[in-house]
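Subject: Structure handover

Hello,

Here is the structure you are taking over. Please open it alongside this message; my notes come after it.

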Amino acid sequence: MSPRLVVSVHDVAPATAAQARRWCADLDTRGVPVALLVVPGPWRTPPLRDDPELVGWLRERATGGDEVVQHGWDHRQPMDVHRAQWRQRAVARLVARGAAEFATLTEAEAITRAVAGRTELAALGLAAAGFTPPGWLASTAAVTVLRRLGYRYTTSHAGIRDLYTGHWHPALALCHRAGGLGERAGAWLLPALAHYALRAGQDVRIALHPDDLGRPGLREAALRAIDRCLELDAQPVTYLGLLDTPAWAAG
């Protein structure tokens with residue numbers, strides 16, 4: 001079987017609706033389904049429920065073959081992180097820039113936030129089988145909670161964990177770091193890394209963020225990477241599509 005390609009649009013919320021639509025328009029022209037990582041709670045603006053137009057658009061996208069993925073609750077790292085070791089705090093700040101909402105949570109805290117987000121999505125007619133923690137960072141306690149709550153899978157930067165079977169599927173997420181050190185080098189590397197991974201028979205994940213669209217050349221570099229994957233016959237799927245293909249069980 002050909003390697004698979006999962007393209008995700010991150011941080012979907014009222015504040016980033018225009019950027020999410022633009023990314024999806026780019027992907028529609030390529031016939032690529034999208035994993036839409038939705039922030040249910042208040043982030044940058046009021047919560048998702050206050051934007052019925054965006055909610056309706058998300059429902060249409062899900063009906064058309066895209067996948068809604070729960071992306072935490074409010075996409076913000078809790079202020080009370082004194083329990084975490086300094087290494088955890090440093091990684092959270094470096095990798096997620098203050099968005100590492102689930103990186104240091106206890107089980108009780110993770111339950112509160114995960115259930116709040118799931119309840120909000122369900123009330124809006126949006127079902128999310130999977131969970132991607134902001135910054136791809138989740139404490140061991142948080143992962144335990146996600147399994148207990150019945151989520152089908154969760155993702156990290158390095159791969160996808162099937163919470164039903166426990167199977168770990170390695171697939172590095174490739175993305176830009178808009179405004180960060182090495183932005184230009186990263187933009188150049190993104191298509192090359194996607195090409196290398198596919199040539200090695202590995203599945204590829206490409207993560208698109210709203211802030212990428214505000215930086216010169218990042219959109220073009222991401223689309224070049226996606227086009228290269230399609231030229232190499234990668235099969236575009238959502239996360240659920242990846243889980244449900246035979247290669248997953250045989251991996």
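The notes below go from the whole chain to its cores, two helices, some single residues and a pocket.

Please keep in mind that this is a predicted model. The chain holds 9 helices and 10 strands. Of its 251 residues, 52% are buried. If you take the contacts between residues at least 6 apart in sequence, 75% of them join residues at least 24 apart.

Nonpolar cores

In soluble globular proteins, nonpolar side chains tend to be buried together. The largest nonpolar core here has 38 residues. Within this core, Val9, Leu36, Leu48, Leu58, Val204, Leu208 and Ile226 have the most contacts. Two or more residues each come from strand S1 (4-12), helix H1 (17-28), strand S2 (34-38), helix H2 (52-63), helix H6 (183-199), strand S9 (204-208) and helix H7. Another core, of 11 residues, lies apart from it and includes Leu37, Val69, Val237 and Tyr239.

Leu208 is a useful residue to start from. Neighbours within four places in sequence aside, Leu208 is in contact with Val7, Ser8, Val9, His10, Trp23, Leu27, Ala222 and Ile226.

Helices H1 and H7

H1 has 12 residues, which at 1.5 Å a residue should span 16 Å, and the distance between its end C-alpha atoms agrees at 16 Å. Its buried residues are Ala17, Ala20, Trp23, Cys24, Asp26 and Leu27. They pack against S1, S2, H2, S9 and H7. An α-helix has 3.6 residues a turn, so residues three or four places apart point the same way.

H7 covers residues 218-231, 14 in number, with an expected span of 20 Å at 1.5 Å a residue; its end C-alpha atoms are 20 Å apart, in agreement. Buried in H7 are Leu218, Arg219, Ala221, Ala222, Leu223, Ala225, Ile226 and Cys229. After H7 comes Asp233, which has a positive phi, near 70 degrees.

Cys229, in helix H7, has a relative accessible area of 1% and therefore counts as buried. Leaving out residues up to four places away in sequence, Cys229 touches Leu5, Ala194, Leu198, Val204, Ile206 and Ala234. Cys229 and Pro3 are 226 residues apart along the chain, yet their C-alpha atoms are separated by 9.2 Å.

Two further pairs

Gly31 sits in the loop between H1 and S2. With 53% relative accessibility, Gly31 is exposed, because the cut-off for that class is over 50%. Its C-alpha atom is 8.2 Å from that of Pro236, although 205 residues separate the two along the chain.

Glu109 belongs to helix H4 (residues 107-123). Its relative accessible area is 27%, so Glu109 is partly exposed. Between the C-alpha atoms of Glu109 and Ala141 there are 9.3 Å, with the two residues 32 apart in sequence.

Positive phi at Asp11 and Arg44

Asp11 and Arg44 deserve a look at the backbone. Asp11 is not a glycine, but its phi is positive, about 60 degrees. This residue is part of strand S1. Is Asp11 buried or exposed? Asp11 is buried, because its relative accessible area of 8% falls under the 20% cut-off.

Arg44 is not a glycine either, and has a positive phi of about 70 degrees. Arg44 is located in the loop between S2 and H2. Its relative accessibility is 53%, so Arg44 counts as exposed.

The second largest pocket

How much space lies in the second largest pocket? The volume is about 210 Å³. The pocket is lined by 14 residues, and the closest to its centre are Trp136, Ala138, Val143, Thr155 and Ser156. Sorted by class, the lining has 8 nonpolar, 5 polar and 1 charged residues.

A place to begin

If you want one route through the model, begin at Ile226, which is listed among the residues with the most contacts inside the largest nonpolar core. Ile226 is also one of the buried residues of H7 and one of the contacts of Leu208. From there, Cys229 lies in the same helix, H7.

Regards

Terms used
Residues numbered from 1 in each chain as written. Predicted model: local features only at pLDDT ≥ 70, side-chain atom pairs only at ≥ 80, totals over all residues. Heavy atoms only, no water. 1 Å grid on protein atoms, 1.4 Å probe; cavity = no way out; pocket = protein on both sides within 12 Å on 5 of 7 lines; lining within 4 Å. Points joined across faces, edges and corners; volume = space filled by probe spheres on them. Nonpolar A, V, L, I, M, F, W, Y, C, P; charged D, E, K, R; others polar. Helix = DSSP H or I, 4+ residues; strand = E, 2+ residues; numbered from the N terminus. Expected span 1.5 Å × (residues − 1). Buried < 20%, exposed > 50% of the residue type's maximum accessible area, 1.4 Å probe, protein only. Core = buried A, V, L, I, M, F, W, Y, C linked by side-chain atoms within 4.5 Å. Contact = heavy atoms within 4.5 Å.
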